[in-house]
Amino acid sequence: MTKQRQHYNEEFKKKAVQYVQEQTKTLPEIAEEMQIPAGTLKNWMTKYRSFENEPVITANAEKLREMEAKLKASEREKKDLEEELAILKKALHIFSKEKN
């Protein structure tokens, strides 16, 4: 005996994708919970996903804060190096002048 294919309407698919986006569970866990094949749910995700519905997960938020801190440190270091370069250029200009 063959299994009959389940058909879902567009609204159900969109709501399922929104549910996936709001959860912190993995896609296979949610697929099992909803009794939908994970591949089907993944296909729906690529078709109906909208990023404004996704919360920032705490692990990702921590990584984001860490990356922002590194970026700020790099910007400070760049600014310091630019100032040092400007000072060295002035010193080079002063010392390379011919003395009368």
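A crossing of two helices is termed left-handed if the near helix is turned anticlockwise from the far one by less than a right angle, and right-handed if clockwise. The structure is a predicted model, in which local features need pLDDT (the predictor's confidence in each residue, from 0 to 100) of at least 70 and side-chain atom pairs count only at pLDDT 80 or more, whereas totals for chains, interfaces and linings use all residues. Residues are numbered from 1 along each chain as its sequence is written, and side-chain values use heavy atoms, with hydrogens and water left out.

The protein chain has an average pLDDT of 84, and 84% of its residues score at least 70. Among its elements (helices being DSSP runs of H or I with at least four residues, and strands runs of E with at least two, numbered from the N terminus), the lowest mean pLDDT, 86, belongs to helix H1 (residues 10–22) and the highest, 90, to helix H4 (residues 58–96).

Helices H2 (residues 27–34) and H3 (residues 38–48) pack at an angle of about 110° with their axes 9 Å apart, the axes being lines fitted to C-alpha atoms over the stretch in contact and the angles running from 0 to 180 degrees between N-to-C directions. H2 is therefore roughly perpendicular to H3 (65 to 115 degrees; under 35 counts as roughly parallel, over 145 as roughly antiparallel and the rest as oblique), and their crossing is right-handed. In contact (heavy atoms within 4.5 Å) are Leu-27, Pro-28, Ile-30 and Ala-31 of H2 with Ala-38, Leu-41, Lys-42 and Met-45 of H3.

The axes of H1 and H2 come within 11 Å and cross at roughly 135°, and the two helices are therefore oblique to each other, with a right-handed crossing.
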